[in-house]
Amino acid sequence: MAQNWFRYRSPEEIRADAKANGVHIPLAESAGVLREKLSFGSVTLENRIGVAPMEGVDSLPSGAPSELTFRRYGRFARGGAGLIWLEATATSQAGRSHRYQLMLNEKTLPAFQRLADGIREEGLRQNGFAPYLVIQAHHAGRMAEGRPMVARFYPGRDEKLRGFTGKLVSDGELEAVEEEMGNFAGLAKKAGFDAVEIKCCHGYLLGELLSAYERPGKYGGSFENRTRLTRNAVKAAKVHRDARFLVTARLGIRDGEPYPYGFGVRKDGGDAPDMTEPVRLVKEFAREGMPFLNLSLGLTLTAAAEKNPLLDLARIADLTGQVKKACPEMTVSGTAFSYFREFAGLHAAGCVEEGVCDHVLFGRMAFADPDFPRELRDTGRIDPGKTCLACGGCGRLIGARKPTGCVVRDRETYPVRE
Ligand SMILES: Cc1cc2nc3c(=O)[nH]c(=O)nc-3n(C[C@H](O)[C@H](O)[C@H](O)COP(=O)(O)O)c2cc1C
């Protein structure tokens with residue numbers, strides 16, 4: 001359905017549609033700002049374009065990257081993004097979403113070393129620089145394939161979880177996850193990544209805890225308790241931090257769920273956004289020395305936005321900008337830039353120019369057209385014949401637990417099988 005919405009023939013059409021809908025969509029005259037370098041801490045990124053974490057559902061049974069994984073990241077490396085944010089990588093078997101999800105442990109470490117080295121070599125060979133490499137530490141929580149680890153009850157949804165025992169994951173088990181995240185960070189450093197990301201978004205374990213308002217004990221209730229696992233995981237990972245290796249986060253600032261199940265919403269009922277708590281957490285991260293992070297809004301299509309996703313994109317830019325403007329000390333990477341097809345670069349550049357974010361991550365665009373960063377650099381525009389159509393095909397593959405990529409532009413590798 002979405003592909004019907006984003007068939008704009010010019011930036012003017014986007015502007016006119018935004019005006020007709022009474023929303024603001026940042027849209028630059030040129031994508032030039034994305035070519036600029038970006039510095040934070042001791043790091044300088046070659047440009048402001050990043051590849052978002054995108055699961056490929058193609059690991060070996062051990063959790064090590066397969067040939068298909070190497071192919072995906074080789075394509076991203078050659079594309080010329082200044083940063084590649086590697087996908088959800090399980091911190092343990094218990095935290096794995098499914099059996100084709102990457103998993104980093106002592107056994108798979110050598111394969112991840114080869115992956116990181118390979119990406120750098122390809123980047124250097126093709127573009128003259130190695131992209132900055134972040135890897136995402138993932139614990140699936142209630143979406144774990146083995147036993148769902150439910151952090152807070154969600155009536156109506158819990159009953160549908162296979163293997164749900166009716167019990168919440170205990171505080172002791174959550175403490176063990178803090179340690180797991182720390183170990184993962186040590187392995188990520190050994191593997192040669194530049195940074196580890198503590199994932200707290202999209203309803204997985206750490207993200208779910210952010211809205212555990214009604215959970216008893218030290219991980220539920222107050223802001224301090226609900227953010228405890230995330231903050232402690234960041235602390236555990238920071239043990240490995242040095243001038244070369246950083247700790248970052250992907251924070252879901254609004255997950256689209258109403259109070260008392262959602263984060264970043266008003267507490268007087270409904271799902272009206274309220275950035276007070278996301279801002280507080282980002283400020284704490286900054287105080288603890290985290291120099292940059294990514295903000296995400298998960299799957300937040302509201303009833304109105306499902307009818308017209310333009311409304312949702314306006315909201316994503318607005319809320320991301322609210323957090324960035326309240327936390328100018330944090331370098332912020334923004335999310336969800338693949339929608340506007342060949343004009344996607346103009347939207348991303350508009351967000352940077354208007355101070356919504358400092359950096360941009362493209363997800364589905366990288367599957368469809370891994371060369372989009374080079375096209376933006378060389379021509380200022382993404383090739384209309386190669387662009388992502390936001391058709392949802394990659395999402396259906398991941399849902400079916402099949403190797404995931406672009407079913408339109410890369411269909412020989414990712415055929416649609418009924
Ligand atoms: C097939 C697929 C896999 C994804 N895998 C991950 C993932 O591993 N980790 C994550 O944080 N987000 C994941 N996402 C979300 C993306 O990183 C991104 O936020 C989202 O696709 C919106 O950005 P886009 O409009 O540029 O695609 C995934 C999305 C899709 C469609």
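Me: Which strand and which helix each supply at least two residues of the shell around the ligand?
Reply: Keep in mind that this is a predicted model. The shell around the ligand counts 21 residues, with P53, Q136, S338, G363 and R364 as the closest. Elements that each put at least two residues into that shell are β4 (83-90) and α15 (393-399).

Me: How do the residues of that shell divide into nonpolar, polar and charged?
Reply: Take the 21 residues that surround the ligand. Sorted by residue type, they come out as ten nonpolar, six polar and five charged.

Me: Which residue has a polar side-chain atom 2.8 Å from a nitrogen atom of the ligand?
Reply: Go by the ligand atom here. R250 has a side-chain N or O atom 2.8 Å from the ligand, but its partner is an oxygen atom. F337 also sits by a ligand oxygen, at 3.5 Å, and uses a backbone N or O atom. The side chain that lies 2.8 Å from a ligand nitrogen belongs to Q136.

Me: What share of the ligand's exposed area does the protein bury?
Reply: Start with the ligand taken alone, which exposes 610 Å². Of that area, the protein buries 87%.

Me: How many strands make up the closed barrel, and what is the average twist from one strand to the next?
Reply: Follow the order β3-β4-β5-β6-β7-β8-β9-β10, paired in parallel, and you've gone round a closed barrel of eight strands. From one strand to the next, the twist averages 25°.

Me: In β9, which residue is the bridge partner of L293?
Reply: Strands β8 (residues 292-296) and β9 (residues 331-334) run parallel and are joined by three bridges. On the β9 side, L293 is partnered by V332.

Me: What angle does the direction of helix α5 make with that of β5?
Reply: Helix α5 (residues 171-191) packs on the sheet and touches β4, β5 (132-138) and β6 (195-200). Compare its direction with that of β5 and you get about 155°.

Me: Which residue has a positive phi although it is not a glycine?
Reply: Don't mix this one up with the cis peptide bond between Y259 and P260, where omega is about 5°; P260 is in the loop between β7 (246-252) and α9 (276-287). Look instead at the loop between β6 and α6 (205-209). There, with a phi of about 60°, sits H202.

Key
Residues numbered from 1 in each chain as written. Predicted model: local features only at pLDDT ≥ 70, side-chain atom pairs only at ≥ 80, totals over all residues. Heavy atoms only, no water. Near = heavy atom within 4 Å. Polar contact = N/O pair within 3.5 Å; in protein donor to acceptor, adjacent residues only side chain to side chain. Areas by Shrake-Rupley, 256 points an atom, 1.4 Å probe, with all protein chains shown as cover. Helix = DSSP H or I, 4+ residues; strand = E, 2+ residues; numbered from the N terminus. Nonpolar A, V, L, I, M, F, W, Y, C, P; charged D, E, K, R; others polar. Pairing = 2+ DSSP bridges. Axes fitted to C-alpha atoms, helices over the stretch in contact; angles between N-to-C directions. Contact = heavy atoms within 4.5 Å.
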